[in-house]
Each structure stands twice: as C-alpha cells, then as structure tokens.
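Biologist: Hi, I'm new to this one. Can you put it up and walk me through it?

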Amino acid sequence: MVLTDTHTHLYSEAFDDDRAAMMQRAFENNVKRMFVPAIDSTYTAAMLRLKEEYPENVFLMMGLHPTHVKEDYETELAHVTEMLAARKFIAVGEIGIDLYWDKTLLTQQEDAFRRQIQLAKKYQLPIVIHCRDAFDEVFAVLEEEKSDELYGIFHCFTGSIEQAKKAISYNMKLGIGGVVTFKNGKIDQFLNQIPIEHIVIETDAPYLSPTPYRGKRNETSYLVQVVKRLAEIYKLSENEIAQITTQNSKAVFGV
C-alpha cells in the first residue's frame with residue numbers, strides 16, 4: 001500500500017527538532033509520496049534541501065501563499081517567476097485567497113492569484129488552491145481564468161456540496177484532510193455523494209491534525225486517520241482508498 005500526502009509543509013520549523021524521525025514514521029505508515037507547497041521566498045532554501053534529502057519521496061511546488069501577500073508582493077511574485085523558470089516544480093501552490101485573517105489586501109491577493117494561475121498555464125502545471133472565507137472570490141478568479149489548461153486541487157476543502165461540485169467543474173480535485181475526521185467537520189455528511197475519482201488526501205502538516213490528535217502538531221504519518229475515515233464514508237477498504245487517491249494524485253501531478 002502506498003499513500004500520497006498531497007499537501008504537507010515538511011520544511012516547517014515545527015519539525016526542526018525531529019524531522020528525520022517524523023519522516024521515518026511517515027514511511028512506516030506507507031506514506032511514500034509527499035507533495036510540498038510553498039509559502040514565500042523565506043522557505044525556498046529549506047524546501048530545496050528537503051528535496052535533496054528525500055529525492056524519491058518529496059515533490060516541490062512553487063508559489064506565494066495568500067496570507068503572505070503583503071505590500072511587497074510584487075517582489076515575492078518575481079521570486080516565484082524566477083524559480084519556475086530556473087528548475088522543475090510539480091505545481092504552482094499554494095495560491096488563492098484568504099479573508100479569515102485580513103480583508104484589507106483582497107485586491108492584491110486576487111492579483112497574485114490570477115498571475116500565478118497564468119504562470120501555471122505557461123508551464124502547463126496544476127495549481128493548488130488555498131481558500132479560507134473566500135469561496136466567492138476564488139470562484140470569480142477561476143471563472144475568469146477557466147480553460148482546459150486550468151486544473152489542480154482545492155486544498156483543505158471545507159465547503160458545501162454545492163461548492164464542491166463547483167470546484168470540480170473547474171477541473172479541481174478536492175483535497176481532503178483532518179477535517180473529515182472532526183465531529184463538526186460537516187464534509188463527512190455529503191462526501192459520499194462526490195465520486196471518489198475527484199478526491200485526493202492530505203494532512204496540511206503541521207496544521208489541522210485529525211482526530212484523535214486534534215490540538216497537537218500534525219504530521220504526515222497521521223494521513224492514515226484520514227484514510228480510515230474515507231474508507232468508512234465510501235464503504236471501501238483502506239487499501240482501495242490508498243490506491244484510488246494515489247492514482248488521483250498522479251492524474252493531477254503527472255508523477
């Protein structure tokens with residue numbers, strides 16, 4: 001059995017004290033494929049080191065996270081552009097709009113999102129979307145940019161069934177993580193109405209730990225908790241969930 005974590009911040013400072021042990025726990029739990037999103041330029045060096053250490057298991061994205069879109073975002077976008085031109089990345093992400101923390105930079109977030117989608121199209125790469133309190137705004141940009149070249153993953157999907165179907169209509173798969181294990185997570189109530197070919201799995205480590213680890217640091221090995229819950233929801237074996245979601249990840253990322 002091979003599990004694929006389509007979204008994990010393995011370079012995070014949260015793992016600085018035990019990264020090697022954390023990675024070993026992931027391997028022991030059959031998580032062999034790990035897709036790593038960018039945040040901003042300050043993490044690029046750590047991401048590249050991680051790829052050097054685990055070249056067969058770690059796959060890097062490049063992008064500017066919406067919560068890191070500040071007044072100087074043009075400088076950060078220049079870094080993203082430069083990196084995409086310099087070396088191979090697996091996706092442009094994580095990108096999108098986040099209005100949970102700050103609504104004052106919405107225009108800049110929309111601009112950064114739009115321009116990074118255009119970069120993804122240029123390099124024929126998928127996008128990985130971060131959306132928090134911003135479904136309408138994200139969908140508006142996707143509507144502007146929709147085309148056969150636009151595809152990817154709606155990371156940490158926590159919307160309604162209507163929003164799920166709309167995301168899928170833009171060639172997006174739904175990234176399902178620890179929220180599906182929460183008693184109040186809500187998506188578990190309708191997920192079985194979404195065909196499993198539209199689902200990929202993720203941890204978003206070190207954030208959003210699944211039950212029974214809520215409130216503690218998340219790590220990639222905890223992906224098994226997501227698999228267990230999806231097996232219950234879809235009435236499939238854990239092996240089947242692993243196989244299907246890994247195949248779905250290959251359909252998006254091409255590896």
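Modeller: Sure, one term to begin with: contact means heavy atoms within 4.5 Å. Also, this is a predicted model, where local features need pLDDT of at least 70 and side-chain atom pairs count only at pLDDT 80 or more, while totals for chains, interfaces and linings use all residues. Residues are numbered from 1 along each chain as its sequence is written, and side-chain values use heavy atoms, with hydrogens and water left out.

Biologist: Okay. What is Glu145 in contact with, leaving aside its neighbours within four places in sequence?

Modeller: Glu145 is in contact with Arg114, Ile117, Gln118, Lys121 and Leu150. Glu145 is found in helix H5. Helices (H or I, at least four residues) and strands (E, at least two) are DSSP runs, numbered from the N terminus.

Biologist: Is Glu145 buried or exposed?

Modeller: Glu145 is buried, at a relative accessible area of 9%. Buried means under 20% relative accessible area, exposed over 50%, and partly exposed in between (1.4 Å probe, protein chains only).

Biologist: And Lys235, buried or exposed?

Modeller: Lys235 counts as exposed, with 73% relative accessibility. You'll find Lys235 in the loop between H7 and helix H8 (238-253). Its C-alpha atom is 9.0 Å from that of Asn192, and the two residues are 43 apart along the chain.

Biologist: Switching to charges. How many salt bridges are there in the whole structure?

Modeller: A search finds twelve salt bridges. The term means a side-chain nitrogen of Lys or Arg within 4 Å of a carboxyl oxygen of Asp or Glu.

Biologist: Which residue does Arg114 form a salt bridge with?

Modeller: Glu144, and the closest N and O atoms are 2.8 Å apart. That pair links distant parts of the chain, since Arg114 is in helix H4 and Glu144 is in helix H5 (residues 135-145), 30 residues apart. Arg114 is partly exposed, with a relative accessible area of 22%.

Biologist: What about Asp111, which residue does it bridge to?

Modeller: Asp111 forms a salt bridge with Arg115, again with the closest N and O atoms 2.8 Å apart. Asp111 and Arg115 are separated by about one helical turn because they sit four residues apart in helix H4 (residues 106-122). Arg115 is partly exposed, at 29% relative accessible area.

Biologist: Which residues are linked in a network of salt bridges?

Modeller: Asp18, Arg25, Arg217 and Glu219 are linked that way. Within it, the side chains of Arg25 and Asp18 meet at 3.4 Å, N to O. Arg25 counts as partly exposed at 30% relative accessibility, and Asp18 is partly exposed too, at 22%.

Biologist: Now the inside. How many residues does the largest nonpolar core have?

Modeller: The largest nonpolar core has 79 residues, and those with the most contacts inside it are Ile127, Leu142, Phe154, Leu174 and Leu230. Helix H7 (residues 223-234) gives the largest share of this core, eight residues. A nonpolar core here is a set of buried Ala, Val, Leu, Ile, Met, Phe, Trp, Tyr and Cys residues joined through side-chain atoms within 4.5 Å.

Biologist: What does Ile127 touch, not counting residues up to four places away in sequence?

Modeller: Its contacts include Val92, Ile95, Ile117, Leu142 and Met172. Apart from that core lies another, of ten residues, among them Phe35, Ala91, Val252 and Phe253.

Biologist: Let's finish with odd backbone spots. Which peptide bond is cis?

Modeller: The one from Ala205 to Pro206 is cis, with omega near 10°. Another cis peptide bond joins Thr211 and Pro212, where omega is about 10°. Pro206 lies in the loop between strand E8 (199-201) and H7, and Pro212 is found in the loop between E8 and H7 as well.

Biologist: Why point those out?

Modeller: Because most peptide bonds are trans, and most residues other than glycine have a negative phi.

Biologist: So which residue has a positive phi although it is not a glycine?

Modeller: Asn30 does, at about 70°. Asn30 lies in the loop between helix H1 (19-28) and strand E2 (31-36) and is partly exposed, with a relative accessible area of 26%. Cys156 also has a positive phi, near 50°. Cys156 is in the loop between strand E6 (152-154) and helix H6 (161-169), and is buried, with a relative accessible area of 18%.
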